Amino acid sequence: MNNKAEDPNLWNDAGEAQKLMRERQQLDESINGVRSLEQQVNDNIELIEMGEAEGDEEIVREAEEALKALRSEANRRQVEAMLSGEADSNDTYVEVHSGAGGTESQDWASMLLRMYTRWAERQGFKVEVLEVHDGEEAGIKSATILVKGHNAFGWMKTESGVHRLVRISPYDNNARRHTSFSSIWVYPVVDDSIQIDINESDCRIDTYRSSGAGGQHVNTTDSAVRITHIPTGIAVACQQERSQHKNRAKAWEMLRSRLYELELQKREEAANAQAASKTDIGWGHQIRSYVLQPYQLVKDLRTGVESTSPSSVLDGDLNEFMEAALAHRISGGAGVEVSDID
């Protein structure tokens, strides 16, 4: 790759040159990261040996804690090494949709939106809010965010599905336990090198007034845009910008990405036809349960991974779940997907 990067004719094709330089930078970062891990492991082993020789239990304890943290980092890098799909390295869109149940599900949808935003921030990714449809009393009916960062789609692609919450409702005066559902849909941002042809006559374009919490940031014109692809029923919306023209352009990008993700899904289902034929899609086949009462437990129903600290998970501590789901998917386990939900 270094030979290609030093080729004087490389920049005759600017797009290919930029792609090569990005790949080179990512490889350099990966190699340097592994070398750094190796050095830190060796340093902490030496500290433990020194501490044991000198009878310094504090040094031994600190070095052991450092090794535990390094193990988590090594696991993360191991997962990233498995992200070799054609769109895994791309940025990603994440849609959140509340299910039936009114305020309960809408509040749950807002909790999920915060959870994924916090996870992305922990990973050092950037998050842009593209569209939010607020609930009548609390929470949200739906929202779309753009997560920007290397391998964003690769990390998040197994999060698509139905998420179930069990808790004592803060909206129930009788303090009864409620079960709420919301769905997540993850699809990659596609770049100009991926050709997605869309016949505009197959699409319906609607404009509407952007929603918000009120005040000067709420648009007074119909600048928000929703595009519906009639053959597939896929709908995307953007209200990020004040300009209808910019929102329209972003919505077309989102639609191209959704159609590309649909094609990726078809390929995966074709390659795993037997497993896919055994997998039902629907509310009764959620991928993860979050139980806040009567006990504290988050359980992934595909991999069996559990956490007894739902507050940490809802604050973005998701890597253990994502790592297990990715390993499960790569090993040939049948994943659960969910289609668009009204």
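**Close-up views of a predicted model**

A polar contact of 3.3 Å links the side chain of Asp107 to that of Tyr171. The views described in these legends are taken from a predicted model.

**View 1. Asp107 and its surroundings.** Asp107 belongs to helix α4, which covers residues 103-122. Because its relative accessibility is 13%, and the limit for a buried residue is under 20%, Asp107 counts as buried. In addition to Tyr171, the side chain of Asp107 has a polar contact with the side chain of Arg167, at 2.7 Å. Residues up to four places away in sequence aside, Asp107 touches Ala138, Gly139, Arg167 and Tyr171. Arg167 and Tyr171 thus appear both among the residues touched and as polar partners of the Asp107 side chain.

**View 2. Helix α3 and its N-terminal cap.** Helix α3 runs through residues 57-82 and contains 26 residues. At 1.5 Å a residue, a helix with this number of residues should span 38 Å; the end C-alpha atoms of α3 are 38 Å apart, so the model agrees with the expected span. The N-terminal end of α3 is capped by Asp56, which places a side-chain oxygen 3.2 Å from the backbone nitrogen of Glu58. Which residues of α3 are buried? They are Val60, Ala63, Leu70, Arg76 and Val79. An α-helix has 3.6 residues a turn, so residues three or four places apart point the same way.

**View 3. Strand β9 between its two partners.** Strand β9 comprises residues 288-291. Arg288 and Tyr290 point one way from β9, whereas Ser289 and Val291 point the other way; all of these residues are buried. In a regular strand the side chains alternate between the two faces of the sheet. Strand β4 (residues 161-168) pairs with β9 in the parallel sense, over four bridges. The pairing of β9 with strand β10 (residues 297-300) also has four bridges, but it is antiparallel. Tyr290 takes part on both sides: Leu165 has Tyr290 as its bridge partner in β9, and Tyr290 stands opposite Val298 in β10. A hairpin is formed by β9 and β10, with five residues between the two strands.

**View 4. Ala325 in helix α9.** Ala325 is located in helix α9, which spans residues 319-330. With a relative accessibility of 4%, Ala325 counts as buried. Apart from its neighbours within four places in sequence, Ala325 is in contact with Thr158, Arg302 and Thr303. The C-alpha atoms of Ala325 and Glu159 are 8.5 Å apart in space, although these residues are separated by 166 residues in sequence.

**View 5. Cys203 and Cys238.** Are these cysteines buried or exposed? Cys203 counts as buried because its relative accessibility is 12%. Cys238 is likewise buried, with a relative accessible area of 0%. A disulfide is a covalent bond between the sulfur atoms of two cysteines. With a cut-off of 2.5 Å between cysteine sulfur atoms, the count of disulfides is zero.

**View 6. The protein as a whole, for orientation.** The protein contains nine helices and eleven strands. Of its 342 residues, 42% are buried. Among contacts between residues at least 6 apart in sequence, 63% join residues at least 24 apart. The accessible surface comes to about 18,500 Å², and carbon and sulfur atoms account for 46% of this area.

Definitions and conventions
Residues numbered from 1 in each chain as written. Predicted model: local features only at pLDDT ≥ 70, side-chain atom pairs only at ≥ 80, totals over all residues. Heavy atoms only, no water. Expected span 1.5 Å × (residues − 1). Buried < 20%, exposed > 50% of the residue type's maximum accessible area, 1.4 Å probe, protein only. Polar contact = N/O pair within 3.5 Å; in protein donor to acceptor, adjacent residues only side chain to side chain. Contact = heavy atoms within 4.5 Å. Pairing = 2+ DSSP bridges. Areas by Shrake-Rupley, 256 points an atom, 1.4 Å probe, with all protein chains shown as cover.
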